[in-house]
Each structure stands twice: as C-alpha cells, then as structure tokens.
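Biologist: Could you take me on a close look at one part of this model, the place where the two chains meet, and then show me how it fits with its surroundings? I'd like the numbers along with the rules behind them.

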Amino acid sequence: MYQTKYHRASSVDEAVSLFGKSSEAKFLAGGQTLLPVMKQRLASPSDVIDLGKIKELQGVELSGDTLTIKAGTIYYDIMTNADVKKAIPAIAHLTSVLGDPAVRYRGTIGGSIANNDPAADFPAALLALGATVKTNKRSIAAEDFFQGLFSTALEDGEIITAVSFPVPAKAGYEKMRHPASRFALTGVFVAQTKSGEVRVAATGASQSGVMRVPAIEAALKANWSPSAIDSVTISANGLLADIHGTAEYRANLIKVMAQRAVAAAG
Amino acid sequence: MGVEGIGARVVRKEDKRFITGKGRYVDDIKMVGMTHAHFIRSPHAHAKVKGIDSSAALKMPGVVAVLTGREIVDDKVGNLICGWAITSKDGSPMKMGAWPAMAPETVRFVGQAVAVVIAESKNLARDAAEAVVVNYEELPAVADVQAAIKSGAPQLHPEAPGNQVYDWVIGDEGATDAAFAKAANVVKLDVTNNRLAPNAMEPRAALADYDAAEEHFTLYTTSQNPHVARLVLSAFYNIAPEHKLRVIAPDVGGGFGSKIFIYPEEMVALWASKKVGRPVKWTGDRTEAFLTDAHGRDHVTHAEMAFDANNKITGLKVKTYANFGAYMSLFSSSVPTYLYATLLSGQYNIPAIHAEVIGVYTNTTPVDAYRGAGRPEASYLIERLMETAARQLKVDPAQLRRSNFITQFPHQTPVIMAYDTGDFNASLDAAMKAIDYAGFPARKAQAKAQGKLRGIGVSCYIEACGIAPSKAVGSLGAGVGLWESAEVRVNPVGTIEILTGSHSHGQGHETTFCQLVAERLGVPISQVSIVHGDTDKVQFGMGTYGSRSAAVGLTAILKAMEKMESKAKKIAAHALEASEADIVIENGEFKVTGTDKAIALPMVALAAYTAHNLPDGMEPGLKESAFYDPTNFTFPAGTYICELEVDPGTGKTSFVNFVAADDFGRLINPMIVEGQVHGGLVQGIGQALLEHAIYDANGQPVTASFMDYAMPRADDVPSFNLSHTTTLCPGNPLGIKGCGEAGAIGASAAVINAITDAIGKNNLEMPATPDRVWRTIHAA
Ligand SMILES: Cc1cc2nc3c(=O)[nH]c(=O)nc-3n(C[C@H](O)[C@H](O)[C@H](O)COP(=O)(O)OP(=O)(O)OC[C@H]3O[C@@H](n4cnc5c(N)ncnc54)[C@H](O)[C@@H]3O)c2cc1C
C-alpha cells in the first residue's frame, strides 16, 4: 500500500520521461518536505524521481544584472556563494536564517518554491524581487507562479530548472522565526529595483500565502526609510492566527520586519 | 580526593559508548522470531467504542494477530494503578476511575489505545492498523481544568463526580486566616503552570518475550526503575509472579520522570507475547510520545501572601487546581500534594500556611512527575509572589527575600518539611555578585537608550530531594518504600563490580559511582564497573528520579563498601599479622599504619576466594550488600538571577546573562553536576519561554510534533555562569543533596520575573512567547 519505487534521474529529460511512465510520481529534491510527509503517510507516491544528481539543476550564475540560481542548488551553497553575496546579499541572509543546518544542507530553492508553504522564506524573495521561474517548458513570473497555500502554476510533471532574479538596487529580508518550526512566523522582503520601483512581499502572515504589501510599498516609494513605515496601518483581516501568533501580532510583525529589512538594505 | 576520587572532574566513562553509536537501547535489541506491535489509538478525546472490526486487517500480509481492549480485560490483566493514596479534606479516599491497558468501552484522551496489531514487521503492522475499523460514538469532551469542574461539564468517570479526584488540604487554616486578618499588606497572584511534554530523546519502547516452557517473561523496556516495573507488573497487573518476570532497562535515552511509570504498552507487549507465542516489540514514535508519555505540570493557582508592616511574611494561602488528564498515572496523586504543597514555604520564614489542592480529570493525556515534579510548581509560585510583593511594597526584590530568609537550622516549616541545613544568604550573595546586581540600573538605562527593555529577575528556590525516608512517605500514603540497595562484589583478581538499584538514563552513574570506590580504595575507576538496570542481576532497587541516586543510591553503595572494607581489613590484618585496627587503605593497598607492611587489594581478594588462609570462622568471598533508607529528605537550594532584554517591536526575549549559585552539598563530579544544571536550566527556560502542550476545547492536541511544540534549542538559551555555595547535608554520610532537578525548578521564575521587570507589567503567563509578551506590552 505504501510501496514506492525510487529512480535517480541523470537529466531533466529523463526525469520528465520517468514521470510520464508512472502513475503517481513525485519529484524528490532535498526531501525536507516530501520525506516527512511520506513518513507520516500523508503522501504515497508510486514512484519517487530523485532530481538531486542532475548536473544541469546545480549552481549559480551571475550575468549582467541577472542572478540565476538553478533549482537543485541547496540552501547552504546559495548562502555561501560569492555571486549571491555580491549581487543580492539579502538572499544569502535569507538562506542563512532558513531552517536549521540539516535543512540547509539538503533543502533546495526549487523544492521550496514548488512546495509553496505559506511560511516559507524564498517565495517572499521571488515576489519582492520580481523573479522569473524557469521550468522545462516555460518561464513564469513570480506573480503568476505562487497561487495560494501550497499551490503553484506548475503543471503535472513540470520541472523547475532555475530561478532568475533581477539584481536590485537595494534589498533586505527580516524574519521572525516560528519558535518551534523556525519557518517564518512572518518574514518581509523589501526591494528597490534599479528602475526605482519598490516591491515588498510578506510570507508567513497571510491566510492566502505569500503576498505583496502595497501600503508599505507606497510608503517606501515616497521615502525609503524605516520611519516611513511608522504611519502605515496593516489590517489583521485575512492574516493567519495560531498558537504562536495572533493575526494582530502578525500584522505588527509585517511592519516591524519591513522596517528592519529596510534598515538592513541600507 | 585523588585524580579520580570525589570532587574530580572525571570524563564520563559511558560517553565512549554513546558518542560512537554503540549504546544499546531497547529498539537495538532483536530476537529470533520477533514480531512488531502497532497500536490503534483513539482520534477522539472522549468516545464510546461501539465495535472493532479487524477482519480485513487479519487477512493482510504478515499480520499475526489483532488484539483488543476487551480481550486484555477478559484475560484479567489488571487495570493501571496509582501508587500514592491521597485523602480528601472530608476524609474520603481519592476517587479514581478504572484505566485498562487498552480501552474496551470508553476512550478518554486522544491517543488512548483500543487495540494492537501484531505483525512480522513494523510497517506491516502499521499497514494493517489502517484496515482495522473502529466504530466510535463521540462524547462531549473537556480539556481545561477550570472548565472541567464547572457544573454541566462532560463527566469522565462515574467514580469521580464533578471530575474531582480529591480536594486535599495541608497546613493550619485558622492560623493562616488569623495572619491575614492582622496583615499590613496582602499580595495576590493568579498563576498558571503550563502543561509540558517531557520529550526524552529516546521514545519509549518495550520488547517482551515469553518462554512457555519456563512460564517466564523477559521484558526489555525504557524504564527509570526496572524493579518497580517488575513489582507493579507482578503484584497489580497479574502478568507473572516476580521470579517469573525479568525486567531489563538497558541504555535509556533520557527520562525526566516520564519513564518512571509503567505504561499500557509494556503490559500489552508482555500479554501479547504470551498470546502469540513470539517476542513482541513496540517502539513509539515521536507523535506517540507527545500523545501518551505522561505530561508534566498543568496547574491553575490563586495565591495570597500576608505581610506585616516590616515586610515580614506572616501567612500564605494557596488554592490550586491540578489537571491530571484522563487517568491517574502511577505517582500522579503525590505530585501536586506532597511534592508541591510541602515546599510552599520556599526559603522563607512563613509562620502560617494553608493550601488546598483540587485534583481534576480532563480528556487529556495523563499528567505525572516531570523533572522537578511539584517542586517547580511550588518554587515558581513562591518566587512570582515574592517578586509581585516587592513591586507592590516597593522594595528591592533581593532585599525582600533576604529579610525573610530562614537562617536557623534545622527549621520546621508549617507544611511538613524540616529543612536540615542551608545558607540562603550565601547563594543570594554569590549570584548577585556574579551578575553585578548593583550595576543593573545603569545597564538598564543604557539598554533603554538603544530601544531595548532590559529586566532582571531573581529566583531563590528550594526543593526536597533524596527521595525518600520510607516511614515518612508511608505515613503520607505512598505505596512503596523509597530506600535504595547496593552490592559490592570484589572479584578474585581485585576488580570491582558495583550493583545498584539506581538507574542511569543520562546521569553518568557509571562514572560518579566509580569515583566513590576510587576515593575509598585508591584504585583507578577503570577497575570498577557499575551494573544496573536488570532485575536478574541487581537484588532490588527503587530506581532513579527525584535527584535521589547520589543521596540515596550512592549512600547505599557506601554502606556496602564499608561492610566489604571491614571484612577485607580483617583478611589483610590476618595476612600481615597485624591488628585490624591498624589497617588503613591507601592507593589500592591495605597497610599497617606507621610501617611499610602492606598487601595489595588483589591479594586480599584472592585470599578471600581461595580461602586457604582466612581468619578462623570467616566465610570465603568478598561481596557485601546494603539497603539504605534515608532519615530525611535533602534540601538543595540556591539563587538564579537572569538578566535579559525584550525587543518591544516583536516581544522577543534575548538573554544577557544567567547566573546560578547552587547548594547541592558535596559534589562527586563537578563536571557532571554542571551538565545536570545546564540541562535543568534549559528545561526551566523552555517552560518559561517556549514549551506548551496545548489542547483545543474539544480535547484535540494541537502540539503533537516538534513543528508545533517548541523545544528549546542551543541558540534559545544563554551561556550559563554557575557557582556553588556548599553546606553539607547532615542527613547522609557523604553530605550530598542532589542536583538533577534544581535547574528546572528554579529557572522559570527567574525568567518571568526578569521579563515582567523589563516590560513593567507583572501579569504574564508561561510560556512567554513573543506574541504573548508583545500583547502584554501593548495591552491597555
Ligand atoms: C525542520 C525543518 C525546518 C524548516 N524550516 C524552513 C524555513 O525556515 N523556511 C523555509 O522556507 N523552509 C523550511 N523548511 C522546508 C525546507 O525549506 C524544504 O527544504 C522545502 O520546503 C522543500 O525543499 P526540498 O528541496 O527539500 O524539496 P522536497 O521535499 O524534495 O520536495 C518538495 C516538493 O517540491 C517538489 N519539487 C522539488 N523540486 C522540484 C523541481 N525542481 N521542480 C518541480 N517540483 C519540485 C517535490 O516533488 C515535492 O512535491 C523546513 C523543513 C524542515 C524539515
């Protein structure tokens, strides 16, 4: 009943073809979400197709004003990558506060965004930076990619190959960690693009997943400084509430994390 | 003390095994023909079991049997017992509902087992369990202690009307009322002591084997007290008579109290191994640990303290509601009574105390002793009250404590305990000096300038350890004596085996107990081994909990050593043609004092076993045993002071400094003591800031995994600054008080006192999560 067949793909094409041949396959990247879910028997794929050894899914490239992180790159490699630190240090920082060392050594950017946990860190970076998700079929703007809790624009059997980020003028990420899981109780990514646009995304806060925060964007557009956010009011309506944080607390955190992210961005 | 004697920082002998993965835990043990058990547990907090259909499961591959609660009751396996009888104030005995090992009719908490699948592998058992159909009829449930005592609340057990187990009192009500009538000031406080899940690193496990030819059972289990397990399984659960039941607790990965108790899973594994005629293994997973390991604490208390015009305490009134969960676990009844209310005098001279404790059933996991057991609840309450009083009376909190300290010993409190010794001023002074208490206002001002709220919090705890004088606890209702036993075997070649009824599940007995032998005989600890955890090897024992292993267990070893040494001296005197009174033991030799005549221990041992030339009438051999029953509890005490900062934007707490000045009496191995204090402090801080086992109003657990239940991690706690202010315990020859629980007992109040100082608001419940602190800061 819970048997599963393990495949190790050596290329994206092979992974796609393996997927097509099985009844209920799942791609496996770092396994930091998929394996616990399988152990709890909440998922029981017929086939597990491991993407971990596919060379074309590994690595980081900086070319001009675009930073591209391949989908299978683990957090630790992102966090320590010289190009990441140079081009968008906020991403290196985000990765350094994601999970714990064990998670950072296994988990991948592709797995994170494919899973689209409402409290995951990377979706905030993609949305705030206006990133593009590359798959084996197409390119998808971050706006269109994230579609609510645990749901994305990915089609069945579609593989994320990379994420490309336009290098911003300024960016910062601050996160209040969930005391137990260390996901984002609320995390806010702020970015100012090279053309002067301001984009702010919050994760962990909303009942419908990662979201932009227009009120803070407007305030920062007028004045890129932490104090500009003082007068912004964030409504608790539609925000998550659980044993670790009320909706009002999360509304407060959106402001406070945004202010600190702006301070960190400089 | 010698390099390996008492007081030496000897590296732990057992750690080589543990850190190289060679520890041998229950789940590591495999037996020929072994089967695996998977329990079917109630998803409901309260329901009738209308029927169990296992026909489909029985047809599944590898399934050996599906056994139900009805069958275990029909086979006359006894109901679980509570081993401490408490009498209510009206003279009636406590009111208990029956707790069968698997529920035949009614389930009363989420996770209670109704049936078990036995199969060829763990996964096959798990697969089949999904095919067992249990038909439940849901009943209304109640999880909150105050909701459970309201009229009209769902009722758990017909035996306990109003869900009340007992209404117990201690102290002199008249004298206390009189003190309040005359009081210059009265300080009032409502306190909730949050429910905790113990979370030992190793989940519970049991491996049971029945030998039909011998009608004999062997049980490997995760126990802190294998002899007590055997006693209870034999005498109350009808598993087998004691000589037909061997209980082995091999390496055990932490207990914190939760592995004192004998649980349904062990009973079922034993019973099932006979039924299926094959060994049965069960290893719990983390979710099962959250659902079924006895939880800790869960009190709601109202307390009032009376002061005279000089700020001297004149009286204390306490009313506590203790949530016991759905059933009375093995020692649960004693925890909020004799282990709690007897410590309500704290370190203070309080002439009159009256406490009332109401024990309540709810549809939650049973609650029992957890590191500190009752004493953290008492200490937290008193130390929150003292802090509240200092704020209300506008006096320095350290000074208010100091001016009320007990300074004359022995001191009889109004709540049974007679403190034997202590120096509370010394530990308060040491802690204040270590944290530079006087410099705090300047540091607070500096932090304020940086937008941080800085606070300092004091906690002066006392606890009762060395559990316990058997006669005394017997008179209070305990069902067992709490002595300890030991045996010293000197082998013919002079190596030494110490058999102890204590059990090590992380405490380091294999090192500290050897240090006593090294101290007395001057032999290296490599020549000594400690045997524990097996009822076939060790004569008897009451196990390890209540910080008793050194104060009681090691004293038993000392008594056995003294007997052995006395015999060995006779043999040595005989061999050296000297008087026994002139023999001294040094560096592994028996010497005639003032001469160079000596005989080495191995030669004495050999003489004892060859028996060729022993003194007339002496029995051969060199092996002695002893039972030691303490004459009083011991009273570890100390002061913890915590300095921290609160981030007003997020409510998050960050530690600046945490100092501990403890009086544990004599330290055998200071390094191990420090480790015990570190672990205890982390648990106390965990309770104060992070941990909370939560149920929703319908009794569904909300925190049944580490993704929701916040265990403290290394970066949640500061680096600790420890020191010791020692007064030797007069109650035992080694002067030991015990150190295993102090950290968990004293730390929580220091943290909450510091946070409330930082934010300038006194009312704050544990755990002080960032959300809760932020809301408290910004509350109108
Ligand atoms: C203890 C713990 C703490 C954590 N803390 C955090 C945290 O603080 N912040 C945070 O953001 N996350 C956190 N996580 C989640 C972690 O980031 C996971 O790594 C991530 O959610 C999934 O990435 P993965 O590489 O492990 O993917 P997997 O678990 O292997 O896969 C997850 C899902 O993505 C799909 N998938 C994977 N790769 C691709 C691809 N290239 N194309 C298409 N689909 C794909 C899989 O099929 C699967 O459905 C934590 C996890 C744990 C266990």
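Modeller: Happy to! Chain A and chain B bury about 2,000 Å² between them, and carbon and sulfur atoms give 53% of that area. Buried area here is the accessible area, taken with a 1.4 Å probe, that two parts lose on being put together, summed over both. On the chain A side, A:Arg41, A:Arg182 and A:Ile243 lose the most area to chain B, together 28% of what that side buries.

A word on the ground rules: this is a predicted model, where local features need pLDDT of at least 70 and side-chain atom pairs count only at pLDDT 80 or more, while totals for chains, interfaces and linings use all residues. Residues are numbered from 1 along each chain as its sequence is written, chains are lettered from A and ligands numbered from 1 in the order in which they are written, and side-chain values use heavy atoms, with hydrogens and water left out.

Back to the interface. Chain A brings 24 residues to the contact and chain B brings 25, contact being heavy atoms within 4.5 Å. Six salt bridges cross from chain A to chain B; the rule asks for a side-chain nitrogen of Lys or Arg within 4 Å of a carboxyl oxygen of Asp or Glu. A:Arg182, already met among the residues that lose the most area, pairs with B:Asp716 in a salt bridge at 3.3 Å, N to O.

There are also 12 residue pairs in polar contact between chain A and chain B, both residues at pLDDT 80 or more. A polar contact is a pair of N or O atoms within 3.5 Å; within protein, one must be able to donate a hydrogen and the other to accept it, and residues adjacent in sequence count only if both atoms are side-chain atoms. Which elements of chain A take part? Those giving two or more residues to the side that touches chain B are β9 (170-177) and α11 (247-265), and α11(A) gives the most, with seven residues. Helices (H or I, at least four residues) and strands (E, at least two) are DSSP runs, numbered from the N terminus. By class, this side of chain A has 11 nonpolar, seven polar and six charged residues. Ala, Val, Leu, Ile, Met, Phe, Trp, Tyr, Cys and Pro count as nonpolar, Asp, Glu, Lys and Arg as charged, and the others, Gly among them, as polar.

Now the surroundings. Chain A is divided into domain 1 (5-50), domain 2 (58-166) and domain 3 (170-265), with bounds from an automatic or database domain assignment. Domain 2 and domain 3 of chain A bury about 1,900 Å² between them, 61% of it from carbon and sulfur atoms. Four salt bridges are counted between these two domains. In chain A, the side chains of A:Glu143 and A:Arg212 also meet in a salt bridge, 2.5 Å from N to O.

Finally, the ligand. Of the 32 residues around the ligand, A:Phe27, A:Gly31, A:Tyr75, A:Thr108 and A:Asp121 come nearest; a residue is near if one of its heavy atoms lies within 4 Å. A nitrogen atom of the ligand is 2.7 Å from an N or O atom in the side chain of A:Asp121, and an oxygen atom of the ligand is 2.8 Å from a polar backbone atom of A:Gly30.
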